[in-house]
Amino acid sequence: MSRSAHPAGPRYADVLPEGHYSAPPADLNALDPKVWAQTVTRDEHGVATVGGVDVKRLAEEFGTPAYVMDEADFRARARAWRTAFGPDADVFYAGKAFLSRAVVRWLHEEGLNLDVCSGGELTTALSAGMPAERIAFHGNNKSAEEIERAVTAGVGRIVLDSFQEIVRVAHIAQSLGKRQRVQIRITVGVEAHTHEFIATAHEDQKFGIPLAGGQAAEAVRRALQLDGLELIGIHSHIGSQIFDMSGFEVAAHRVVSLLRSVRDEHGVELPEIDLGGGLGIAYTSDDDPREPHEIAKALTEIVTRECEAAKLRTPRISVEPGRAVVGPTAFTLYEVGTIKPLDGLRTYVSVDGGMSDNIRTALYDAEYSVALVSRSSDAEPMLARVVGKHCESGDIVVRDAFLPADLAPGDLIAVPATGAYCRSMASNYNHVTRPPVVAVRDGEARVIVRRETEEDLLRLDVG
Ligand code: LLP
């Protein structure tokens, strides 16, 4: 299986060759703990349960499709990141992966900070009680209004992404009588995806200020001169769904070399560095992600070593995992509607959702797993493609999957590892209403984001 980063970017990474699929799993009823949320198991009747609640009950009570989130697992993963990095570092959960007020409260309680990248995410965070000083505000084109709101709220840091923004934030902060803590996001010439990283063609993207050509150094020079800004550090984010730590190693080396030249030029040792997010998770049993404690150890060692070599005090490190916290904690529960065997090809299994609740397969050729969850089955494996109900042939949820050959309309199937970038990237394509997010814990289930209704759709359409 090819997991090479593709020079054309993430969209092309992780693409299986045409017609490729793995061998059927030994046991179709197994729910691999690598890809399923921690509390998922099958009960004595073969029905999958999560947080002690069976999926048939969830489907009856909340309907399908639904995102089902294992709260205990979310909290455990958040806590594992927090503990791994310890009190001398900060973990900012990347809200773009999935954000709701319940999630903000869980993060707050588990001691994580929050990375937001729009006014909407900021509003959600503040309305659920996340202290502003624990929020980082990101984005490559923040509006003046968003900046003003962030500064007024007192966010802990704004991550500056361009030369214009350095001046904009300084001006807005000053006019509000404030001095805003900021980091500068730089591009270090590394792009990492899945198992490899590439160190070419990386500056050709919209985020950050290139280290190359002295641009990042110039950005630091300007930021240090402006009264409205307190420059606290440098930020680097190198990609997504990364398994290989060597991209971080090169990034840390380059960030530290900038810190050294800042010290040499200005006599200032910037106290923080942020290495971004991007740590990979298992979407299928073939993926082998690292544990937070291994990641924390590796990153801390890299930064400490680089700083010792540069004779710098080791800065406070922060990271921004999104997918690695929330991704594995949820699955999408669907009901099977129609089943079409295409002789010699595969069987098309249509579910009651699709690219509106998971665009990642269509957009990135992402791989997912799937299982029959409303019962177990001893039937033979059948090569299937799980597709949605949208008017588009690219409306694929799971490209190649094995499901039992006795699968029937009305069965419930579930796609694991859909906690990140599924609800947050969901759409109303074909005027389909977006599914709810149901949180399950200790035998109880509750809606944390309700299902959209057709009334919601009509309310936006002013006629
Ligand atoms: N920090 C920054 C500055 C980022 O841009 C991102 C993701 C993260 C942190 C969190 O990355 P994570 O740990 O979740 O990989 N929609 C794509 C992913 C886009 C990620 C954008 N930035 C997907 O579905 O794979």
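**View 1. Lys96 is partly exposed, with a relative accessible area of 29%.** Partly exposed lies between buried, under 20% relative accessible area, and exposed, over 50% (1.4 Å probe, protein chains only). This is a predicted model, in which local features need pLDDT of at least 70, side-chain atom pairs count only at pLDDT 80 or more, and totals for chains, interfaces and linings use all residues. Residues are numbered from 1 along each chain as its sequence is written, and side-chain values use heavy atoms, leaving out hydrogens and water.

**View 2. Lys96 sits in a loop.** The loop runs between β5 (89-94) and α3 (101-109). Helices (H or I, at least four residues) and strands (E, at least two) are DSSP runs, numbered from the N terminus. Not counting residues up to four places away in sequence, Lys96 touches Asp115, Cys117, Glu121, Tyr421 and Ser424. Contact means heavy atoms within 4.5 Å. The UniProt record, an unreviewed entry, places "modified residue: N6-(pyridoxal phosphate)lysine" at Lys96. Such annotations may be inferred rather than shown by experiment.

**View 3. The ligand has 18 residues around it.** Each has a heavy atom within 4 Å of the ligand. Gly278, Glu320, Arg360, Tyr364 and Tyr421 come nearest.

**View 4. Oxygen atoms of the ligand meet the protein backbone.** A polar backbone atom of Gly278 is 2.8 Å from a ligand oxygen. For Gly322 the distance is 3.0 Å. For Arg323 it is 2.8 Å. Taken alone, the ligand exposes 580 Å², and the protein buries 87% of that. These areas come from the Shrake-Rupley method with a 1.4 Å probe.

Technical notes
A polar contact is a pair of N or O atoms within 3.5 Å; within protein, one must be able to donate a hydrogen and the other to accept it, and residues adjacent in sequence count only if both atoms are side-chain atoms.
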